[in-house]
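This report covers the fold of one chain, a helix contact between chains, and several backbone features.

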Amino acid sequence: MSDDRHPLFEPLIFVGGLIFGFGLGFSHMARPEVVLNFLQFDDLGLPFVMFGAAIVSGIAFALLPRIRDAAPLTGTPYERRLKPFDRNVLVGGTVFGVGWGLSGICPGAAYASLGVGNVTILWALAGMFVGAYAQGYWRSQRRARNTAATGAD
Amino acid sequence: MVTDPVLLQTVADLFPNGISRYAAGGLLVGLGTVLIYVGTGIPAGASTFLESTLSYASDQSRFQQYVGSRDWRLVFTAGIILGGLAFAATFQSGLVTSSLYEPGTTGQLYEVAGVTFWTTDVQPWRLFVGGILVGIGTRIGKGCTSGHGVCGVGSASKTSLVGVLTFLTVAIGTAQVVAALGVSP
C-alpha cells in the first residue's frame, strides 16, 4: 500500500503536523498548567483553541465534498469523521476525562509540549503508552477468548 | 449606552491572558488538520499514534489494525513535535513577536543554544498517572481532544459531541477535586 502512495503524501502530513504543533505551542495548550487553569475556571480562554480549530475544520469538512469527490494524494473520498456511538464512548471519555483533569495533558498537546522543551512531559508520554498498551492487551486477550469460545461450539 | 465597568471587569477576570493567543493557536491547529484533509481525505487525530506505534513493538492482535497507517502517524507526530520546537525557536524565544501572542507565566524557562525552552511545574506523578488514564480512555473512547474535539465536532458527529461533553465535564470535576485537595501544581 505504501509503495503506490503519492510521493507528496508523507511530506504533506508532516507539514500539517508542523502547523498543528505550532498552533498548540502558540495557544499554550501544550502547557499542562494552562489546561488546568481552564479546568479550574481561572482562565476560560482554552475552548477557543478547540472550537476555533473545529470551526476551521468544520468549514473544510462541509465544503470539500461539494467541490471534489476525492482527495488528490490518496483518492480517498471526502467524508465526515463519524464513529459509531456505544457505551465505550462514555466509558472511555470518562477515563480520559479523569486523566486530563489530573494531568492537564492530552495526546496531541503532549507531543507539542515535548517540542517546546518540556522534558518532564516524557512522564505523561510514558504513561500514555502504558495505558494504550494495557487496553490493547486486555482487548486482544478478550477477543482471543471470545474467538476460542465460539470456535469450540 | 454606557457599558457596565463591573461586568467588563468580571469578563476580564475570566480571561486574564486575553483570547487572541488561544483563538489564533486554534485556527492554526484547524489549518494543520485541514491541510491534511484536503490532500489526503484523512481527518487526523493525535491519539491513534499511541496504538499504531505499539504495533511496531507488540504483536497483540488489537494493534495490528493500525499497521497500514502507522508510518504516516509517526510522520504526523514528528511534525507536531517539530511544530512545537518551531514555536519555541520563534515566539517563545522572543525572536518573533505579535500582538496576537501573549506570553505566559507558568512553568520554568531555560535556554539551550539561544533557544528559549519551557518545562512544566506539574508534578511527574500527576503526568504519569494522568497519562496512563488518558492512554486507556482515549483508545476505549475512540478519540481525544483532536480526534473528537476538532475533527469529530467539525464533522458535527453526535458521537464526538457526546465524547467531548463527557471528557470535558469529568475533567472539570477532577481538576476541581484535585485542586480542592490542595495538590499544586
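A residue counts as buried when its relative accessible area is under 20%, and as exposed when that area is over 50%, with partly exposed in between. The coordinates described here are those of a predicted model. By the first cut-off, 52% of the 185 residues of chain B are buried.

**Chain B overall**

The secondary structure of chain B consists of 8 helices and 2 strands. Read from the N terminus, these elements follow the order α-α-α-α-α-β-β-α-α-α. Along the principal axes, the C-alpha atoms of chain B occupy a box of roughly 60 × 40 × 40 Å. The exposed surface of chain B amounts to about 7800 Å², and carbon and sulfur atoms supply 68% of that area. Of the contacts in chain B that link residues at least 6 apart in sequence, 49% are between residues at least 24 apart.

Helix α2 of chain B spans residues 20-40 and contains 21 residues. From its first C-alpha to its last, α2(B) reaches 30 Å, which is close to the 30 Å expected at 1.5 Å a residue. G41(B) follows α2(B) and has a positive phi, near 80°.

**Contact between α4(A) and α8(B)**

Helix α4 of chain A (residues 87-103) and helix α8 of chain B (residues 158-180) have axes that come within 7 Å and cross at roughly 35°. The crossing of α4(A) and α8(B) is right-handed. On the side of α4(A), the contributing residues include V89(A), L90(A), G93(A), F96(A), G97(A) and W100(A). On the side of α8(B), they include V162(B), G163(B), T166(B), F167(B), V170(B) and A171(B). Classified by residue type, the contact of α4(A) with α8(B) comprises 13 nonpolar and 8 polar residues, with no charged ones.

**Buried sites in chain A**

Helix α5 of chain A, residues 107-115, is mostly covered, with 8 of its 9 residues buried. Among the buried residues of α5(A) are P107(A), G108(A), Y111(A) and G115(A). G117(A) follows α5(A), and its phi is positive, near 110°.

S27(A) is located in the loop between α1 (9-26) and α2 (32-39) of chain A. Is S27(A) buried or exposed? Its relative accessible area is 0%, so S27(A) is buried. Leaving aside residues up to four places away in sequence, S27(A) touches V49(A) and, in chain B, R21(B), Y22(B) and G25(B).

**Backbone features in chain B**

Most residues other than glycine have a negative phi, and most peptide bonds are trans. The following table lists two alanines with positive phi.

| Residue | Phi | Relative accessible area |
|---|---|---|
| A113(B) | near 50° | 81% |
| A156(B) | about 55° | 47% |

A113(B) sits in the loop between β1 (108-112) and β2 (115-119) of chain B. With a relative accessible area of 81%, A113(B) is classed as exposed. A156(B) belongs to the loop between α7 (147-154) and α8 of chain B. Which class does the relative accessible area of A156(B) give? The value is 47%, so A156(B) is partly exposed.

A cis peptide bond joins S184(B) to P185(B), with omega near -5°. P185(B) lies in the segment after α8 of chain B.

How values were computed: Residues numbered from 1 in each chain as written. Chains lettered and ligands numbered in written order. Predicted model: local features only at pLDDT ≥ 70, side-chain atom pairs only at ≥ 80, totals over all residues. Heavy atoms only, no water. Axes fitted to C-alpha atoms, helices over the stretch in contact; angles between N-to-C directions. Helix = DSSP H or I, 4+ residues; strand = E, 2+ residues; numbered from the N terminus. Left-handed = near helix turned anticlockwise from the far one by under 90°. Contact = heavy atoms within 4.5 Å. Nonpolar A, V, L, I, M, F, W, Y, C, P; charged D, E, K, R; others polar. Expected span 1.5 Å × (residues − 1). Buried < 20%, exposed > 50% of the residue type's maximum accessible area, 1.4 Å probe, protein only. Areas by Shrake-Rupley, 256 points an atom, 1.4 Å probe, with all protein chains shown as cover.
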